[in-house]
Amino acid sequence: EAIDRLHQLLATIEKMLKNMKNNTPENSQNPECNENAERVATLQLWKKRKRSVLYTISNCAIMQKDFELSIMNLEILYELSDSIEEKISIKSSIGRVYLQLGDVTVATECFEVAKELRKNKMQSETGKKYTGMKVDELMDDALVSMSTNNFADALNILEEADRLAPGNSLVINNKSVCLLYLGRLKDALTNLESELTRNPKN
């Protein structure tokens with residue numbers, strides 16, 4: 001099974017990291033790995049590999065509907081990350097997985113943490129980066145509203161997101177879902193058709 005193989009790979013990476021932290025050469029035939037600068041670079045490489053495997057396990061777990069496993073790996077990634085932007089993205093992802101579990105309360109708490117981190121980060125951002133972060137925030141809010149069957153509220157939020165970032169496929173698809181639940185089938189189809197016309201590759 002893919003996840004089992006990924007866990008085996010993760011165990012190997014953990015062993016390599018432990019060896020490096022204990023100043024054990026990554027390869028006994030290459031003593032130069034003990035030199036500080038190269039050792040630091042190699043350590044960072046293995047940490048990056050660990051994060052990559054954790055992300056892959058999380059994604060595979062979601063595909064298999066093992067949401068608890070996905071959350072567990074995302075929580076590890078959140079603690080490992082030293083990037084505010086990455087922490088925002090991970091915490092938002094955790095909230096979205098909790099929504100799939102039906103736990104709106106915990107999901108909302110995750111989104112609030114992401115929102116607070118995002119608020120601080122957005123103060124120093126402008127242009128597309130600011131807009132992208134705002135759209136992500138609106139998307140989280142809309143998903144919470146959809147999860148509680150407040151499709152009218154969700155649609156209003158998604159309309160704002162669509163004005164900020166026209167052509168965002170995630171926004172457009174969720175707008176169509178809201179329109180369907182509101183009994184506006186024709187508008188939902190028109191919304192999807194406009195996206196296909198604007199971005200045929202999507």
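## A helical model and its nonpolar core

Ser169 is found in helix H8. In this predicted model, Ser169 has a relative accessibility of 30% and counts as partly exposed, because that value falls between the 20% and 50% limits. Follow the chain 23 residues along from Ser169 and you arrive at Leu192; the C-alpha atoms of the two are separated by 9.2 Å.

**Helix H1 and its two sides**

Let's turn to the start of the chain. Helix H1 covers residues 2-21, which makes 20 residues. At 1.5 Å a residue the helix should span 28 Å, and its end C-alpha atoms are 29 Å apart, so the two values agree.

Which residues of H1 are buried? They are Ile3, Leu6, Leu10, Ile13, Met16, Leu17 and Met20. Looking down the axis of H1, you would find these buried residues within an arc of 130°, so they line one face of the helix. Turned away from that buried side is a face with the exposed residues Arg5, Gln8, Lys15 and Lys18. The cover over the buried residues of H1 includes helix H2 (36-63) and helix H3 (67-80).

**The largest nonpolar core**

The largest nonpolar core has 51 residues, and within it Ile94 and Cys178 touch the most other members. Two or more residues of this core come from each of H1, H2, H3, helix H4 (84-101), helix H5 (104-122), helix H6 (127-147), helix H7 (151-164) and helix H8 (169-181). H6 gives the largest share, eight residues.

What does Ile94 touch, once its neighbours within four places in sequence are left aside? Ile94 is in contact with Ile71, Leu74, Glu75 and Cys110. As for Cys178, its relative accessible area is 0%, so this residue is buried. Cys60 is buried too, because its relative accessibility of 18% is under the 20% limit.

And how many disulfides does the structure hold? It holds zero. A disulfide is a covalent bond between the sulfur atoms of two cysteines.

**Three loop residues**

The loops between helices offer some details of their own. Here are three residues from them, with their places and accessibilities.

| Residue | Loop | Relative accessible area |
|---|---|---|
| Lys65 | between H2 and H3 | 63%, exposed |
| Ser81 | between H3 and H4 | 6%, buried |
| Asn149 | between H6 and H7 | 57%, exposed |

Take Ser81 to begin with. Its relative accessible area of 6% is under the 20% limit, so Ser81 is buried. The side chain of Ser81 makes a polar contact of 2.8 Å with the side chain of Glu86. Not counting residues up to four places away in sequence, Ser81 touches Glu86, Lys87 and Ile90.

Now for the backbone of the other two. Most residues other than glycine have a negative phi. Lys65, however, has a phi near 60°, a positive value in a residue other than glycine. Asn149 likewise has a positive phi, near 65°, and is again a residue other than glycine. Are Lys65 and Asn149 buried or exposed? Lys65 is exposed because its relative accessible area, 63%, is over 50%. Asn149, at 57%, is over that limit as well and therefore counts as exposed.

Terms used. Residues are numbered from 1 along each chain as its sequence is written. This is a predicted model: local features need pLDDT of at least 70, side-chain atom pairs count only at pLDDT 80 or more; totals for chains, interfaces and linings use all residues. Side-chain values use heavy atoms; hydrogens and water are left out. A disulfide is a pair of cysteine sulfur atoms within 2.5 Å. Buried means under 20% relative accessible area, exposed over 50%, partly exposed in between (1.4 Å probe, protein chains only). Helices (H or I, at least four residues) and strands (E, at least two) are DSSP runs, numbered from the N terminus. The expected span of a helix is 1.5 Å times one less than its number of residues. The arc is that of the directions from the helix axis to the C-beta atoms. Contact means heavy atoms within 4.5 Å. A nonpolar core is a set of buried Ala, Val, Leu, Ile, Met, Phe, Trp, Tyr and Cys residues joined through side-chain atoms within 4.5 Å. A polar contact is a pair of N or O atoms within 3.5 Å; within protein, one must be able to donate a hydrogen and the other to accept it, and residues adjacent in sequence count only if both atoms are side-chain atoms.
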